[in-house]
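Welcome! Have a look at the model below, and then we can walk through it together, one question at a time.

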Amino acid sequence: MNAPRNRRIEPPSRPAMLFGRDVLVAELTNLVVNDKHLALIGTGGMGKSSLAKAIINESLVTDKFADRRFFVTYDELTPSTITFETFMAHFAGALGIEISSADPLRQISTFLRSASALIVLDNAETFEEASASVALRDIPPAIAEIANIPGVILVLTSRSRRNAPNVEWITKDIPPLDLSSAQAAFFRIYHHASRSEAEEDIQGLLKELDFHPLCINILANAAQQNDWSPTTLLKRWNDRHSKVLDGGKGKLQSLSDTMQLSLSSPSIQNLGEDGLRALAIIAFLPQGLNEHLASDLLPLLPQVDAICDALCMQSLVYRQDNFLKMRAPIRHYVQDSLQAPDSRCLQDIRAFYYRSIESCSEERNKYADIIISDHLNIEQVIASNLADIPDDAEKTYNACWLFLERLRWHLPRPTILTPAIFSIAENSSTWTLKVNCLLTFAWLYDTLSQLAEASRAFQAAEALCLTAGDPERMANCLITRADSLRAQGRFMQSEKLLENLQHSSSWESLSAVMKARAWFFLDKARMFTFPASADELFVKSAEDHDWGLHSKIWHCRAKFYQGGDAVQVHTHLEDLFRQCPSTGDLVDRRDALEGLAQITFCEGRLSDTMDNLQTLVGIFDGQQSDGVLWCTVRKAVVASMQGNCDLARELIRKASEPFQFFSLRNARTFLHQSYGSACIELTAGKYDWAETYFTTTIEACDMQGDLTFKAFSKRGLGEIAFASNNFALATLRFEETRSLCAEMGVPPQHLYSCLLLDTLPDQFKGWALWLKGISPFANDTT
């Protein structure tokens, strides 16, 4: 052995630019000083080498290993050329010794046994992927032998998971940066605009790069060297995408070069064209490839599982929640520089997803599970087909509206298909298909309570139905839009729409059932504005066979709202309830029972009200879970009025937990729940809590365009101010409430007349006193 003192090799210093890694460095350092071997794994440019350099310079590490800290790098070698001899030569060189025997492993082992040592093996994928059979055979045992020397700790950085066996590695997948650290790294290099000025513009771009350290560094240098403004940088990115990340030569200055290192590895080369096909498909699918469905989606790749394992082994993809996903820089590179997805593979994916859409039912089945798990991928396939309509256009349009319907059933959310749907060419062959897409889109957004978007789609569908000569379907769309307005508290707008329909040229051509539907919803809107006697409401629609029972129930309710005899109305509603079918559509039973609950509530028979609401819960249970939540919130409010506020809060909590999905799927459910919580806290005298809930409800109403709950909540805030003797603030809140009443078309004294279960307890009299101008408001001069 020849190890002169002047041959001591200093390890590299800590990187000057290392952002957002302090916690990770501390964690890894703790493992090293506790004698654990580490394998730092990640795609190229993730910062594995920088982390290793940071660890080797940590004070805990220098205290323990002193000058026995060695950094062995293999980045200038390639898997095709490395041999056991070159592996050992590099190892020995980093230790500062010269190989002087035919057994280099023994010589290195003897040197390392003399004292504790920390050895970093950087770019280990070079020898882990060595294609020379002798190297592949001899290097892993050599690493295992060195790792087993007492006091020797190995830290390995690699793109590959093919780490040496018989070593107790602790494998750490290196994550991307967080947003704050990514911004800090970018603006450490880029100085042509201050962080405060450019941060908002740059934030989205960094996110699009998945906060990948190398890409952030290359991008910042490119912008700085070219003197690009943030606007110019964004334009360059939008124009060139990953080509912007090829600022120089070598893996530290070019995304292409670092990607080629991975793609040229023997494991990937051995996959042939199928490996590239799989990469292109994973890059195309926004969620990545569902491993459980891989063989169904890609029957042309019979070895798809083995291919995916190899891609994952090389850190080109990673596994998360049963999907094989791809980091954004790799995806951009694959999409920009490699082959487009194989058309035959795309056809197979399309066929599988379309079959799943067609087979999916409203009751959850295995196909619904596929819609839920792969919804973004399915949406991408449909969007791609809508952008480039295939020969079987009808199949694509049908898949579009069916997918939106399935989304509404199982996973309501906004969709990226909006512009494509509105841009569908209109001709005699597409009229009906486009109407289907528009209507299911409208229903989806109605479910989400994004009613402006829903209304736009309904209106577009109405116009197209008229063009197609289908007034019946046009009327159906318009009536639905009108009732959506009514649900928001926009009663006058709803009335006007339906009155205009009755005066239109299409009215006479409508079926009797459709006319009855229009009359019913017109009277339902009128009921809230109190323009006429209840005797005139729901009379015309009651003559129709389909709408008769429904209309009679609401006729009874309208009479009660206008001061009808409670006993008579209660008796009549009970009789109508007995006429309701016990199976099938629940609407009639729901509306009759809700009317009965309102009557008992107004009479102060709160126990009977609770019984009616519990019956409603039983009807909805197992069929309409959001209906269960809605009725349970009403039960909670009634419980608070019975003096049991703890039970009320518990009911709200228990109702919300199992149905979080449903509170998300229909934003009106959130309004109902938030307003109900406000009423409970108001009744309990917890005015601070009540104020928070009322304010939250108002903010949600502003987002959803809901006037009813906003008016209720403004009145609630007024009552809190009144109870606190802040009559000026109470006056302001009550004036705002009256203004909302005017916008809705509701007489202020009848604000709650049709929604009796939403009224506040009788002890809160501020609103009633203010309407009458009774003291203290009579003397208020603000």
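Q: How far apart do the centres of the positive and negative side chains lie in the chain?
A: This is a predicted model, and its chain carries 75 positive and 96 negative side chains. Taking each set as a whole, the two centres are separated by 3 Å.

Q: How many helices and how many strands does the chain have?
A: Both kinds of element can be found along the chain. The count comes to eight strands and 40 helices.

Q: Why is the chain described as more spread out than a compact globule?
A: For 782 residues, the globule rule gives 28 Å. The chain is well over that value, so it counts as more spread out than a compact globule. Along its principal axes, the C-alpha trace spans about 110 × 65 × 50 Å. The radius of gyration behind this reasoning is 35 Å.

Q: What percentage of the residues of the chain count as buried?
A: To count as buried, a residue needs a relative accessible area under 20%. Among the 782 residues of the chain, the share that passes is 54%.

Q: What share of the area exposed by the chain do carbon and sulfur atoms supply?
A: The exposed area of the chain is about 34000 Å². Of this area, carbon and sulfur atoms supply 49%.

Q: Which kind of aromatic pair do tryptophan 507 and tryptophan 519 form?
A: The whole structure holds 28 aromatic pairs. In this one, the ring centres are 5.7 Å apart and the planes meet at 65°. An angle over 60 degrees counts as edge-to-face, so the pair of tryptophan 507 and tryptophan 519 is edge-to-face.

Q: Is tryptophan 519 buried or partly exposed?
A: Tryptophan 519 sits in helix H27, while tryptophan 507 is in the loop between helix H26 and helix H27. Tryptophan 507 has 8% relative accessibility and counts as buried. Tryptophan 519 has 22% relative accessibility, and buried means under 20%, so tryptophan 519 counts as partly exposed.

Q: Which residue in the loop between helix H28 and helix H29 pairs with phenylalanine 521?
A: Phenylalanine 521 belongs to helix H27, and its partner lies 26 residues away. The two rings have centres 5.8 Å apart and planes at 75°, so they form an edge-to-face pair. Phenylalanine 521 is buried at 10% relative accessible area, and its partner is buried at 15%. That partner is tryptophan 547.

Q: Which residues do ring pairs link into a cluster?
A: Phenylalanine 521 and tryptophan 547 both belong to this cluster. The full set is Phe520, Phe521, Phe538, Trp547 and Trp554.

Q: Which residues is arginine 589 in contact with, leaving aside its neighbours within four places in sequence?
A: Arginine 589 is part of helix H31. Its relative accessible area is 17%, and it is buried. Beyond those sequence neighbours, arginine 589 touches Phe577, Cys580, Pro581, Ser582 and Ile619.

Q: Where is phenylalanine 211 found?
A: Phenylalanine 211 has a positive phi of about 55°, although it is not a glycine. With a relative accessible area of 16%, phenylalanine 211 is buried. Its place is the loop between helix H9 and helix H10.

Q: Is aspartate 321 buried or exposed?
A: Aspartate 321 also has a positive phi, near 55°, and lies in the loop between strand S7 and strand S8. Its relative accessibility is 63%, and exposed means over 50%, so aspartate 321 counts as exposed.

Conventions: Residues numbered from 1 in each chain as written. Predicted model: local features only at pLDDT ≥ 70, side-chain atom pairs only at ≥ 80, totals over all residues. Heavy atoms only, no water. Helix = DSSP H or I, 4+ residues; strand = E, 2+ residues; numbered from the N terminus. Rg over C-alpha atoms; globule rule 2.2 N^0.38 Å. Buried < 20%, exposed > 50% of the residue type's maximum accessible area, 1.4 Å probe, protein only. Areas by Shrake-Rupley, 256 points an atom, 1.4 Å probe, with all protein chains shown as cover. Lys, Arg positive; Asp, Glu negative; His and termini not counted. Charge placed at Lys NZ, Arg CZ, Asp CG, Glu CD. Phe/Tyr/Trp six-rings, centres within 6.5 Å; stacked < 30°, edge-to-face > 60°. Contact = heavy atoms within 4.5 Å.
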